[in-house]
Amino acid sequence: MTVDIPLVNGTSQCTVTAYSQKSYEASVEFYSQFLQLEKDTSDARSTTLRNSGVSLQILLQEDSTKQAESEARFKELTSELRTSDWRSLVSGSLVFKATDVTQCKAALDAQFDNIQAYPTDLFPMELYAVDPVGNVVGVTKTKNAVSTMPTAPPASKGTFTSTVPSSAQSSVELSVDNDKFIGTDASVTAGPTADAPGQKAVAVMTSGGDAPGMNPNVRAIVRTAIAKGCRAYVVMEGYEGLVRGGPEYIKQFSWEDVRGWSSEGGTNIGTARCMEFRERAGRLLGALHLIEAGVDALIVCGGDGSLTGADLFRSEWPSLLQELKDTSKISSEQFTRYQHLNICGTVGSIDNDMSTTDATIGAYSSLDRICRAIDYIEATANSHSRAFVVEVMGRNCGWLALMAGIATSADYILIPEKPSSSREWQDQMCDIVTKHRSRGKRTTIVIVAEGAIANDLTPISPKDVHKVLCDRLKLDTRVTTLGHVQRGGTAVAFDRILATLQGVEAVNAVLESSPDTPSPLIAINENKITRKSLVDSVRLTKSVAEAIHAKDFKKAMSLRDTEFVEHLNNFMAVNSADHNPPKLPQDKRLKIAIVNVGAPAGGTNSAVYSMATYCMSQGHRPYAIYNGWSGLARHESVRSLDWKAMLGWQSRGGSEIGTNRCTPEEADIGMVAYYFQKYKFDGLIIVGGFEAFVSLHQLERARDNYPAFRIPMVLIPSTLSNNVPGTEYSLGTDTALNALMDYCDIIKQSAASTRGRAFVVDVQGGNSGFLATNAALAVGAQVSYVPEEGISLDQLSQDIETLAESFETAQGRGRNGKLILKSKNASKVFTPEVLAEVITSEAKGAFNAKSAEPGHVQQGGLPSPIDRTRATRLAIKAVGFIEDHQEAICSARADDEEFDPDDSEISATAAVLGIKGSNVAFSSIRQLYDFETEIAKRMPKVIHWESTRAIADSLVGRKKVDAK
Ligand SMILES: Nc1ncnc2c1ncn2[C@@H]1O[C@H](COP(=O)(O)OP(=O)(O)OP(=O)(O)O)[C@@H](O)[C@H]1O
Ligand SMILES: O=P(O)(O)OC[C@H]1O[C@](O)(CO)[C@@H](O)[C@@H]1O
Ligand SMILES: [Mg+2]
């Protein structure tokens with residue numbers, strides 16, 4: 001028979017299991033004999049088995065055709081096995097949990113000798129010995145069969161593993177003598193599956209300053225490694241642990257050891273700044289201890305320093321190994337086996353100073369702490385009309401200061417990347433502050449990065465800034481140093497998700513690595529997790545520092561990622577608003593309207609504020625259409641935006657210019673066109689969700705009839721549902737995720753304290769499962785139900801079973817509160833209350849469930865820093881789009897004869913501004929609406945977060961019975 005193998009990208013390892021009638025019968029016979037023997041108390045071998053503390057679990061793969069028969073037979077054989085264990089009889093593994101592994105192994109070997117009926121060549125069996133915490137510590141052989149895990153059992157019979165080339169589909173020919181196939185199963189994994197004695201061991205360490213998100217990173221690495229058949233280790237206390245070595249510092253971890261870590265701040269495995277590792281002697285000890293522990297791959301989560309250390313360790317490895325062999329510290333076998341150091345970096349640091357990645361794990365959490373603090377300070381500064389100098393962390397990097405400056409619309413920032421002479425920065429700061437004050441601003445906020453310097457490399461301290469503000473501007477000034485508050489607390493949703501996805505990717509990377517593969521660093525570019533070369537990233541990062549040191553600031557800036565430079569330019573433009581002469585000449589200045597459509601979402605005000613202030617700096621006139629299309633059609637609600645009236649909008653939640661779900665057609669598109677004509681708008685920015693998407697479509701289609709709409713129009717997606725076609729990110733999703741995550745953390749804590757309690761949380765998001773999926777990943781929810789999948793009875797019953805198992809395993813441990821996230825539209829029948837009742841009743845007293853409804857709390861309070869800063873970036877890009885597309889549409893604007901809405905250049909002037917993978921891109925509304933949207937469902941056709949669901953499920957051990 002031919003088996004089709006679904007493939008993932010690149011070269012993959014594929015395991016095909018073919019079930020034959022003979023193997024089925026053989027397996028039934030095998031189990032039958034085994035279990036009878038185990039129960040036979042008169043048999044000495046059976047006693048040995050029991051004395052070794054063995055308990056048997058049978059993990060079986062599915063074969064629906066034989067399920068009923070298998071289940072009946074197994075029920076007969078054993079009453080104590082749970083239903084999940086006998087789903088099918090046809091193929092699978094036996095897991096022996098034994099406290100005395102040697103005794104257990106001996107007893108098992110003896111058992112297999114006795115089981116004559118078992119045709120191991122036909123049906124190779126995976127047999128593990130597992131220690132009390134679930135780690136595989138040994139493998140027993142089956143009679144006549146392979147003595148290792150069946151990596152290469154007889155080809156074309158039973159199970160085999162092979163490398164298959166990348167293509168859409170691949171076929172494998174299988175045959176079994178005198179037998180009939182009754183089913184097949186193919187699973188593809190990226191990378192080699194670990195084999196037992198040669199089973200891989202993956203270790204993770206955290207190093208440098210701690211960063212929120214390190215714990216979720218460790219959790220993801222440990223669990224992914226285990227799920228992929230490896231042993232997982234943690235190195236305690238960073239490089240210090242490597243240098244010290246031994247089981248106290250290099251510990252094997254089980255699945256349960258990292259339970260609940262996604263919601264914990266800091267790093268539970270400790271971190272350090274280790275001087276010894278900077279010396280070769282320290283690294284030599286590190287190498288020895290890794291080899292002694294049998295570690296094959298090391299994943300380092302740390303900042304630029306830690307990864308520089310990792311890179312050095314990698315480059316020195318051959319000589320370290322040679323020295324260890326020459327001094328007889330390691331054997332020849334060890335020398336051969338550990339030839340290649342398999343190392344990988346996940347960047348964890350609040351500083352965000354590593355080149356090639358947009359964000360480091362922890363940076364956005366730290367930014368969150370900073371913005372909250374500045375939001376608080378703003379209130380007291382306003383009361384006293386005071387100036388505040390706020391010092392933020394960032395030893396050699398101004399990312400935190402810059403992003404906080406944008407997110408809180410601070411007056412001035414001082415960062416190491418763009419130093420000027422003492423005179424210059426003082427004059428510039430005083431000029432801006434004076435202008436802001438003279439226009440009625442009562443507060444002054446100056447943010448100073450810890451590493452801020454003047455162009456002669458002398459440090460600029462908060463004290464220096466304080467002195468200037470007091471002496472030159474006579475402002476009542478205070479200094480606030482935020483200190484380690486910035487590194488404290490739990491990670492924000494972005495960092496938890498980033499850390500988790502990068503952890504999974506890091507394990508994939510080390511398992512796929514070969515001696516020829518360059519050591520990877522796991523990065524993120526826009527919305528895409530990427531692999532970069534560790535050596536190149538370290539080299540580039542170093543060159544920025546070197547350029548600063550050499551006072552070549554231009555070069556330093558050019559080596560910085562383009563997004564940093566873009567943010568800096570944006571900050572300066574938004575900050576100067578209309579206080580300086582406009583940048584553009586008179587004939588290029590435009591009238592640009594902005595409107596909010598749909599439900600409020602975090603970042604909407606930031607987008608309006610940034611668009612308006614940036615317009616002012618360019619010389620454009622920004623207008624707000626208040627209360628959406630109905631406000632315009634009914635009340636001519638158009639007002640030009642004024643700088644002072646908008647103060648504070650950058651950090652405010654809700655929608656200051658009002659919003660509603662009405663589309664132009666519902667409001668009266670003729671009236672909308674009339675007012676567009678009256679105000680002579682040259683461009684339109686819509687901020688909103690799916691209704692905004694439909695609005696843009698309606699206006700674009702109406703261009704034929706209404707010349708007033710023949711202007712560039714752009715939509716900035718903004719909705720917590722994140723269901724706008726053309727983007728993977730909408731403003732407001734991050735704020736909503738954080739609001740939901742905080743809510744979930746609180747009820748999870750309550751569930752954990754109550755013991756045996758699960759909560760079913762009702763999640764918003766329309767027909768989109770984005771929020772539920774990502775929140776599940778961020779809080780480690782046991783289950784998430786989404787509209788894309790619905791809720792089947794089979795899945796529900798499987799989930800209840802898994803919950804029961806999970807409660808049982810977690811018994812007596814902390815952190816065992818369980819969450820089930822249910823998107824409102826996942827099922828109309830299973831409301832959270834009904835689900836909670838069904839689960840409670842099915843749990844038969846083992847545990848219980850309650851429902852919880854966060855409701856509109858999910859829209860969030862203050863917008864998150866991510867939503868604020870992205871709003872600024874997207875708003876400025878949107879204004880740029882309107883500037884750039886004037887020519888394309890203006891010539892055809894007045895002339896009905898010439899105007900062709902179907903012309904691709906014309907249709908491209910109405911677009912959605914989105915983040916797609918690693919790019920920020922404009923997509924024409926025509927293309928999106930006609931080809932990429934499921935209009936009735938209000939969803940894009942392609943769901944970009946599908947792979948996240950699989951990861952969320954696998955990290956909590958959820959079993960899917962009805963996966964598509
Ligand atoms: N050049 C190097 N050679 C060897 N080891 C290094 C090197 N640089 C750093 N390390 C190791 O990495 C550890 C952490 O480095 P560092 O203190 O620079 O923090 P980091 O990883 O940059 O994190 P963060 O900046 O976020 O605190 C050091 O204490 C040292 O053990
Ligand atoms: O906690 P420590 O060791 O004093 O380090 C503080 C430094 O760590 C960081 O938080 C991260 O590198 C820097 O911004 C700061 O200068
Ligand atoms: Mg650093």
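## Strand β26 and its neighbours

Phenylalanine 759 has lysine 850 of β29 as its bridge partner. This pairing belongs to a predicted model. Strand β29, residues 848-852, runs parallel to β26 and is joined to it by 5 bridges.

Strand β28, residues 818-823, also pairs with β26 in the parallel sense, here over 6 bridges. Within that pairing, aspartate 762 is matched with lysine 822 of β28.

## Burial of β26

Strand β26 spans residues 757-763, and 7 of its 7 residues are buried, so the strand is largely enclosed by the rest of the structure. The burial applies to both faces. On one side lie Arg757, Phe759, Val761 and Val763, while Ala758, Val760 and Asp762 lie on the other. Phe759 and Asp762, the two residues of β26 named in the bridges above, thus sit on opposite sides of the strand.

## Helix α25

Helix α25 takes in the 17 residues 793-809. At 1.5 Å a residue it should span 24 Å, and its end C-alpha atoms are 24 Å apart, which agrees.

The buried residues of α25 are Leu796, Gln798, Asp799, Ile800, Leu803 and Ser806. An α-helix has 3.6 residues a turn, so residues three or four places apart point the same way. The elements covering the buried residues of α25 include strands β26 and β28, along with β27 (783-785) and α26 (832-842).

## Annotated domain

An unreviewed UniProt entry carries the annotation "domain: Phosphofructokinase" for residues 202-510 and 591-881. Over residues 202-510 the chain is 46% helix and 15% strand. The end C-alpha atoms of that stretch are 8 Å apart.

Key: Residues numbered from 1 in each chain as written. Chains lettered and ligands numbered in written order. Predicted model: local features only at pLDDT ≥ 70, side-chain atom pairs only at ≥ 80, totals over all residues. UniProt positions renumbered as here; feature names shortened; annotations may be inferred. Helix = DSSP H or I, 4+ residues; strand = E, 2+ residues; numbered from the N terminus. Buried ≥ 20, exposed ≤ 12 C-beta atoms within 10 Å, placed from the backbone. Pairing = 2+ DSSP bridges. Expected span 1.5 Å × (residues − 1). Contact = placed C-beta atoms within 7 Å.
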